[in-house]
Amino acid sequence: MSDILTVDAVSKTYASGLKALEHIDLNIRRGEIFALLGPNGAGKTTLISIICGIVNASSGSVHVGGHDIVGDWRAAREMIGLVPQELTTDAFETVVATVTYSRGLFGKPANPAHIERVLRSLSLWEKRGSKIMTLSGGMKRRLLIAKALSHEPQVLFLDEPTAGVDVTLRRDMWALVSELRQTGVTVILTTHYIEEAEEMADRIGVINKGRLILVEEKAALMHKLGRKQLTLALQQPLDAPPVLPGVPAGALSLAKDGHELVYTYDRDLEQAGMAGFLQALDQAGIHFKDLHTTQSSLEDIFVSLVQGSAEGAAA
């Protein structure tokens with residue numbers, strides 16, 4: 001799969017001395033959904049703003065579809081749609097007029113059929129004649145997406161697209177993103193909702209304190225960094241975790257005053273290794289009456305990565 005977006009050694013330092021981004025290298029594949037995760041102030045919005053031509057990088061370069069965002073800015077910008085965090089719209093304009101106007105800003109010829117398709121896909125068609133001031137917050141969020149899609153971009157940036165919206169609208173937006181990907185649109189989203197990335201993204205990038213600390217296929221990331229826990233309700237409590245052959249030190253811990261034994265292990269251990277563990281327990285005379293397993297979510301992995309990068313920076 002070819003790359004549609006290339007970020008090469010991009011850094012950004014503001015006049016105040018704040019270093020918002022430091023040597024960011026990132027390639028985005030054509031037609032993928034890429035989720036950029038990071039805590040507040042990590043640099044997510046700054047990076048998107050540079051790619052979209054809103055903020056100038058201090059160093060480095062960005063190419064969209066082979067077009068340099070500085071030297072060939074018009075062609076590069078035409079390929080990009082941006083849905084910002086802020087609800088900034090002309091309150092006295094109608095829905096259909098503002099979306100049509102947004103298309104015209106990119107020099108695109110009028111295409112009422114396309115505008116209708118976009119508005120219908122976002123459940124805005126019935127509101128096409130309404131003034132923006134009369135729309136609910138959720139409808140205004142949909143309108144921002146409609147404006148971003150008005151000129152038929154190949155790359156769509158969604159900067160915290162579901163912040164402050166209800167669960168139903170969030171689900172609708174997830175469905176829309178999936179439909180866009182099927183039409184070949186590349187979608188890049190930043191989000192605080194880890195479940196969005198876990199549900200939709202093909203790849204995950206984690207940024208913290210202006211540094212891109214990881215880019216990985218979602219499935220590979222969860223396989224590599226995810227952990228499972230087997231919790232056994234013991235028939236008799238233990239005073240200390242047992243030492244068992246073949247079980248790494250520290251993999252066993254006790255909970256609930258010794259009434260539960262918790263085994264934390266890699267996913268690769270699940271089959272033959274688990275049978276050996278249970279056999280070792282039996283041979284040690286440790287018996288249990290119930291068991292259940294849990295596994296790391298993407299949120300657990302994200303938290304551990306951010307904490308790890310912060311500790312590394314402090315060291």
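**Exercise 1. Determine whether Gly-250 is buried or exposed, and place Gly-250 in the chain.**

Solution. Gly-250 has a relative accessible area of 75% and is therefore exposed; the term exposed applies over 50%, buried under 20%, and partly exposed in between, with a 1.4 Å probe and protein chains only. Next, the position: Gly-250 belongs to the loop between strand E11 (227-234) and E12. Helices (H or I, at least four residues) and strands (E, at least two) are DSSP runs, numbered from the N terminus. Finally, the C-alpha atoms of Gly-250 and Thr-264 are separated by 8.6 Å, the two residues being 14 residues apart along the chain.

The model is predicted: local features need pLDDT of at least 70, side-chain atom pairs count only at pLDDT 80 or more, and totals for chains, interfaces and linings use all residues. Residues are numbered from 1 along each chain as its sequence is written, and side-chain values use heavy atoms, with hydrogens and water left out.

**Exercise 2. Describe the protein chain as a whole by its helices and strands, its buried residues and its contacts.**

Solution. The protein chain contains 10 helices and 14 strands. Of its 315 residues, 43% are buried. For the contacts, the rule is heavy atoms within 4.5 Å. Among contacts between residues at least 6 apart in sequence, 71% join residues at least 24 apart.

**Exercise 3. State which residues of the loop between E12 and E13 have a positive phi without being glycine, and whether they are buried or exposed.**

Solution. Begin with Lys-256, which lies in the loop between strand E12 (252-255) and strand E13 (260-266). Phi of Lys-256 is near 50°, a positive value in a residue other than glycine. With a relative accessible area of 60%, Lys-256 is exposed.

Continue with Asp-257, found in the loop between E12 and E13. Asp-257 is not a glycine either, yet its phi is positive, at about 55°. Its relative accessible area is 72%, so Asp-257 is exposed. The C-alpha atoms of Asp-257 and Pro-237 are separated by 7.5 Å, although these residues are 20 residues apart along the chain.

**Exercise 4. Describe the surroundings of Thr-46 and Arg-142.**

Solution. Thr-46 is placed in helix H1 (residues 44-51). Its relative accessibility is 15%, so Thr-46 counts as buried. Leaving aside neighbours within four places in sequence, Thr-46 is in contact with Lys-12, Tyr-14, Ala-20 and Leu-21. Two of these names return in a further arrangement: the charged end of Lys-12 sits over the ring of Tyr-14, 4.9 Å from its centre. A charge sits over a ring if NZ of Lys or CZ of Arg is within 6 Å of the ring centre and within 35 degrees of the ring normal.

Arg-142 is placed in helix H5. At 12% relative accessibility, Arg-142 counts as buried. Not counting residues up to four places away in sequence, Arg-142 touches Leu-122, Ser-123, Leu-124, Leu-169, Asp-172 and Met-173.

A separate charge over a ring is formed by Arg-128, which lies over the face of Trp-125 at 4.1 Å from the ring centre.

**Exercise 5. Give the volume and the lining of the largest pocket.**

Solution. Rolling a probe the size of a water molecule over the atoms shows where empty space is left. On a 1 Å grid over the protein atoms alone, a pocket is an open set of points where a 1.4 Å probe fits, with protein on both sides within 12 Å along at least five of seven lines; lining residues have an atom within 4 Å of a point. Grid points are joined across faces, edges and corners, and a volume is the space filled by probe spheres set on the points.

The largest pocket holds about 330 Å³ of space. Its lining has 14 residues, and His-114, Val-118, Leu-149, Leu-180 and Thr-183 lie nearest its centre. Helix H4 (112-121) and helix H6 (167-182) each supply at least two residues of this lining. The largest share, 4 residues, comes from H4. By class, the lining has 6 nonpolar, 5 polar and 3 charged residues; Ala, Val, Leu, Ile, Met, Phe, Trp, Tyr, Cys and Pro count as nonpolar, Asp, Glu, Lys and Arg as charged, and the others, Gly among them, as polar.
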